Structure formats: C-alpha cells, structure tokens
Amino acid sequence: MDIIRFIISYFASKKLTLLTVFLCWKPESVNKLAQLGQQAGLRLRMHHDFQRLPALPPYRTFREGMLLDTRCDNASLVLEKASENRAFNLRHSWLLIDEAPLNISNLELVLSDIAILPDADVIWVSTDAMVDVYRVKIGEPLVVADLGPRKSQRELEQQWLTLPTAVTRRKDLKNVYLNSATIVNICIMNYKYIK
Ligand SMILES: *[C@@H]1O[C@H](CO)[C@@H](O)[C@H](O)[C@H]1NC(C)=O
Ligand SMILES: *[C@@H]1O[C@H](CO)[C@@H](O)[C@H](O)[C@H]1NC(C)=O
C-alpha cells in the first residue's frame, strides 16, 4: 500500500478527525494527502517550516493525530520539541514515517533521547513494517514491538480490537525489554499467552 493511502487508513482506523502534519513533500503529494484526508473526514493542519513549530502542548481535551516524515530535514526539531513538551502522550497518536525497509539502528538513532514513555502512542512505519515504540523511562533503551506490515483501514480496525491499547499492551510486556532495542513479536496468539 502506498504511504499516502496508509496514512489515511491509519488515522481513520483510530477514529481521529484532526491531523497535525509535519512534512517536506512535493506539493502534488501533499495535495493528494489533503484530498484523500478530506474524503475520509480528516482535517489537516500542515507545517512545512520545522524551525517555526506550533505550540505542541502536552495535554488537550481532544485526541489528535500527529504525522512526521522522519526523513525530512530538521525532523529532529519536531521530535525534540514534542519530547520537551511531553507531547508524546495518549492525546496524540503519532505516526513516524520512514520510507525505507525497517532499520532498527536508524530508528534508535532518530529517536535517541526522545521521551517516548509508556503513556505515548507512537507507531514507526517503514516500507515493510509497522512497529510500536516506547521506552520504560528516560535513559532506558527503546522497546520496539512488531505490528506486522502496513494494513488497510479495516484490517487495522480489527487489529485495534484484538490487541489492547498501547498502554495496556505495554504494561503486560513491561518485563520484556533488554539492553538494546528489542523486537517483541506480538502475534495474537502470543499476546493471549502473555496475558
Ligand atoms: C534546518 O535548521 C537549520 C538551523 O537549525 C537551518 O539553518 C536550515 O535552513 C533548516 N533546514 C530546513 C530545510 O528547514
Ligand atoms: C541503518 O541505519 C544506520 C544508522 O542510520 C545506517 O548507518 C545504516 O547504513 C542503515 N542500514 C541500511 C541497510 O540502510
């Protein structure tokens, strides 16, 4: 599935209507995203200048989707500001894009020192995988859980029904972190077993 369709499927599957977008894409791609987003009932707020970011307050009264292409120049400015402001939390569903095959070293490098703690809702999507990421506390390595390949909206909705919320899932998996980023395969059967 191409990344634009995946993005729409992802946020639509989470029943979100507002999406804050940090991208450096060509206008055609941005327009396609906006157009498909509108059809799916998503309101998009675009940010292209990562040196002049919006406030990113930690808590709001509503849930909001957050989209960042990690390959954009200065994407680290967005991650750092969100980290400082504690904007990685349950109110913000973050989708971090890396249009390349999953590379855990790169993921660790990009997210090093970023405060993605257990109350965060962050998925890193590469061309061949979606992974859930967080760390148990600041200074600890990332825990990376494999959620399988990119999926359609319907398949994602089914996955959200079967898998518990990020926070519950992580509570159950808390003991499964090692000294470096760890891939935890959460297939449905394994999950039931762990529980
Ligand atoms: C990235 O940020 C640096 C300063 O932090 C700035 O000089 C540069 O122009 C920025 N690049 C882009 C593409 O915004
Ligand atoms: C994976 O990421 C690391 C760190 O950015 C990089 O040095 C390495 O070349 C990447 N590997 C591949 C296969 O792209």
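**Exercise 1. Which residue in β2 does Thr 20 stand opposite?** Work out how β1 sits among its partners.

A word on the setup before solving. This is a predicted model, where local features need pLDDT of at least 70, side-chain atom pairs count only at pLDDT 80 or more, and totals for chains, interfaces and linings use all residues. Residues are numbered from 1 along each chain as its sequence is written, chains are lettered from A and ligands numbered from 1 in the order in which they are written, and side-chain values use heavy atoms, with hydrogens and water left out.

*Solution.*

Step 1: Thr 20 faces Arg 45 in β2. Helices (H or I, at least four residues) and strands (E, at least two) are DSSP runs, numbered from the N terminus.

Step 2: Look at the pairing. β1 and β2 (residues 43–47) run parallel, with five bridges between them; two strands pair if DSSP finds at least two bridges between them.

Step 3: Follow the chain. From β1 it passes through helix α2 (residues 27–39) to β2, in a right-handed β-α-β crossover. Right-handed here means that, with the strands pointing away from the viewer, the path from the first strand over the helix to the second runs clockwise.

Step 4: Try the other neighbour. β1 also pairs with β3 (residues 64–69), again in the parallel sense, over four bridges, and there the bridge partner of Thr 20 is Met 66.

Step 5: Check the cover. Five of the five residues of β1 (residues 18–22) are buried, where buried means under 20% relative accessible area, exposed over 50% and partly exposed in between (1.4 Å probe, protein chains only). Leu 18, Thr 20 and Phe 22 point one way, Leu 19 and Val 21 the other, and all are buried.

**Exercise 2. Starting from Met 66, carry on from β3 to β4 and describe both the pairing and the connection.**

*Solution.*

Step 1: Met 66 has Trp 94 as its bridge partner in β4.

Step 2: Six bridges link β3 and β4, and the sense is parallel.

Step 3: Together with α3, these two strands form a right-handed β-α-β unit.

Step 4: Now the surroundings of β3. Six of its six residues are buried, so the rest of the structure largely encloses this strand. Glu 64, Met 66 and Leu 68 go one way while Gly 65, Leu 67 and Asp 69 go the other, and all are buried.

Step 5: Have a look at the loop between α3 and β4 (92–97), which holds Asn 89. Asn 89 is buried, because its relative accessibility is 0%. Its side chain reaches the backbone oxygen of Arg 86 at 2.8 Å. That fits the rule for a polar contact: a pair of N or O atoms within 3.5 Å; within protein, one must be able to donate a hydrogen and the other to accept it, and residues adjacent in sequence count only if both atoms are side-chain atoms.

**Exercise 3. Which cysteines does the disulfide join?** Give its handedness and its place in the chain.

*Solution.*

Step 1: There's one disulfide in the structure, where the term means a pair of cysteine sulfur atoms within 2.5 Å.

Step 2: Cys 24 is joined to Cys 72, S to S 2.0 Å.

Step 3: The S-S torsion is about -90 degrees, so this disulfide is left-handed.

Step 4: Cys 24 is in the loop between β1 and α2 and Cys 72 in the loop between β3 and α3 (75–84), so the pair ties together parts that are 48 residues apart in sequence.

Step 5: Compare the two ends. Cys 24 is partly exposed, at 45% relative accessibility, whereas Cys 72 is buried at 4%.

**Exercise 4. Which residues are around ligand 1, and which around ligand 2?**

*Solution.*

Step 1: Ligand 1 has Gln 51, Asp 73 and Asn 74 around it, counting residues with a heavy atom within 4 Å.

Step 2: A polar side-chain atom of Asn 74 is 2.3 Å from an oxygen atom of ligand 1.

Step 3: Ligand 1 alone exposes 370 Å², and the protein buries 39% of that.

Step 4: Around ligand 2 you'll find Asn 103, Asn 106 and Leu 109. An oxygen atom of this ligand is 2.4 Å from a polar side-chain atom of Asn 103.

Methods:
Areas by Shrake-Rupley, 256 points an atom, 1.4 Å probe, with all protein chains shown as cover.
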